[in-house]
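Let's take a walk through this one together. Have the sequence and the 3D view open side by side, and follow along.

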Amino acid sequence: MRLSRRTYVGATTLLVLALLWYLATSGLGLVSAGRFPAPGDVEAAAVQAFGRGYPDATLVTHILHSLKLVAIGFAVSVALGVPLGLLMGWNRVAEALINPVFLVLRPIPPLAWIPLAILWLGLGDEAKVMVIFLAAFPPAVISTHAGVRAVPPPVVEAAQMLGTPRLRFVLEVLAPAAAPMIFTGLRLSLQASWTTLVAAELVGSLAGLGYVLNVAQQDLYPGMILVGMAAVGVLGAGSTALLGLAERRAVVWAQGATE
Amino acid sequence: MSCIRFEQVDKTFGGAVKALDGVDLTVADREFVAIVGASGCGKTTCLRLAAGFEAPTGGHVTVGGKAVTAPGPDRAVVFQQFALFPWKTVAQNIAFGLRNKGMPASERDARVAAAIGMIGLSAYADAYPHQLSGGMQQRVAIARAYVLEPEVLLMDEPFGALDAQTRVVMQEELVRLARKNPRTVLFITHGVEEAVYLADRVAVMTRRPGRIKEIVDVKVIREAERWEDHARIEDVMDLESFVHLRTHIWKSLREEKGGVGH
């Protein structure tokens, strides 16, 4: 694969930033290590996190724990949200029944549900999955709904005149027609899942990346805070990239489409 | 027997805009009727009523003696903007209606292959619509309708979105198909020449609210003057009998427009 000019420029920018980071901390000592860690501190923290573990389990254990919560919350959101969005987009009655509920609940930030979630489900994983679900569910529903509403009427009419049975109509006409918008919704859901995960794990957790961040803050351990942040960033970017891959496979027909 | 019959059909949109006002028109079994009229005169509304996409406000629309209540594969529609399924290949688009009918795969594959051959796109069976030109896409849309072997074919300005050269090729192709395998066809267009070239009869519509102003019998003259001896559309269009009919319909339409523009 040939690397483009953009790739070189991007890599150069990152290298310069890394160099400035080094100079500002270890190199010239402009920023005290207690406020912002030097590259060496982060490396040491990473070695500790992956090796001995911090505070009581290795980073891989924490990552797996967080991944599990995000995977469950995201999967349930998609499994319920996409069908509900399809139903609302196609069925006026369903739309009229469900839309008001969304209008009332949507302005409530997902994190505001945390106290109620803890009250209902305790401090365990269930409450965190519930909060992730509450954050990830609306974008899945809303984008799918909007995607169905945006299907061109002639496509719907073509399906009708071809005598398409109801279920096949939903699966082979509505869903693929709305697929680009559905994937936009899934990307938003995934981002919301990761954002909410960290916040949910900051409260009453005994494992996970949010827990690592919380303990590192109490320990005044900036190197470890950066390791935790980097882990969340890498996982978020990685899962978004996987979703993009799935999208390209699913909507292969739109590749290079000009209209 | 599957004639299309409009009896005193009114259509009002939103209680205010009167699109059709007492339309009377019969398309006989295996007859090709074109409706010409200015944009917005309600000619597409006629087609949508016959297709079952809209319901009349007054009067009756029947196909084969039965009132039209919903869209269905007995009345295949070719849309102006093709309306193919972009996520299905050429073959899948054409096969879709046959799958809905529950036709066994082996028979279906044979019919689809024959239809793709008919429109000359055998090399593109597995291509997606966006990989095809506009003319090729419209051929797929026509094949998707023809493959159902519908009693009735409803065509809504099917060549309106095509460039002039492609349109001529498609018109000649449609004439060939229609003569070889006659169907009851309702064809909507604003092109007078296209209507005279393709149709057995041409119905002229008034400006909104649309009424049928005049019906011109082309078939009698076409057969008397032996248009079919001329393979190319431009040769037919040069014939005195063609020019005469075209001019007559032009004038009829132009009166409708109060002599302004064309």
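Start with a turn in chain B: β1(B) and β2(B) make a hairpin, with three residues between the two strands. One residue in that turn, Gly14(B), has a positive phi of about 60 degrees. Keep in mind that you're looking at a predicted model. On either side of the turn, β1 covers residues 4–13 and β2 covers residues 17–27 of chain B, and the two strands pair antiparallel over seven bridges. If you want a spot to check the register, Val9(B) has Val23(B) in β2(B) as its bridge partner.

Chain B also has an open sheet. Its six strands come in the order β6-β7-β8-β3-β9-β10, with mixed pairing. Which strands stand at the edges? They are β6 (75–78) and β10 (212–217) of chain B; each has a single partner strand, so one side of each is left without a neighbour in the sheet. Ignoring direction, neighbouring strands in this sheet are turned by 20 degrees against each other on average.

Zoom in on the β10 edge. Strand β9 (residues 201–205) of chain B runs antiparallel to β10(B), and five bridges join the two. Among the paired residues here, Val204(B) has Glu214(B) in β10(B) as its bridge partner. Now add a helix: α9 of chain B, residues 240–256, packs on the sheet and touches β3 (32–36), β9 and β10 of chain B. The direction of that helix makes about 180 degrees with that of β10(B).

Over to chain A, where the picture is helical: 10 helices and zero strands. Its C-alpha trace spans about 75 × 55 × 30 Å along the principal axes. Of the 259 residues in chain A, 36% are buried. Among chain A contacts with a separation of 6 or more, 72% are between residues 24 or more positions apart.

Helix α10 of chain A is a good one to trace. It runs over residues 222–250, 29 residues in total, and reaches 42 Å from first C-alpha to last, close to the 42 Å expected. Its buried residues include Pro222(A), Met224(A), Val227(A) and Ala231(A). The buried residues of α10(A) pack against α2 (39–50), α3 (59–90) and α9 (209–218) of chain A.

Finally, see where the chains meet. The contact takes 18 residues from chain A and 20 residues from chain B. On the chain A side, α7 (153–161) and α8 (166–202) are the elements that give two or more residues, and α7(A) gives the most, with six. By type, that side of chain A divides into 11 nonpolar, five polar and two charged residues.

Technical notes: Residues numbered from 1 in each chain as written. Chains lettered and ligands numbered in written order. Predicted model: local features only at pLDDT ≥ 70, side-chain atom pairs only at ≥ 80, totals over all residues. Helix = DSSP H or I, 4+ residues; strand = E, 2+ residues; numbered from the N terminus. Buried ≥ 20, exposed ≤ 12 C-beta atoms within 10 Å, placed from the backbone. Contact = placed C-beta atoms within 7 Å. Pairing = 2+ DSSP bridges. Nonpolar A, V, L, I, M, F, W, Y, C, P; charged D, E, K, R; others polar. Expected span 1.5 Å × (residues − 1). Axes fitted to C-alpha atoms, helices over the stretch in contact; angles between N-to-C directions.
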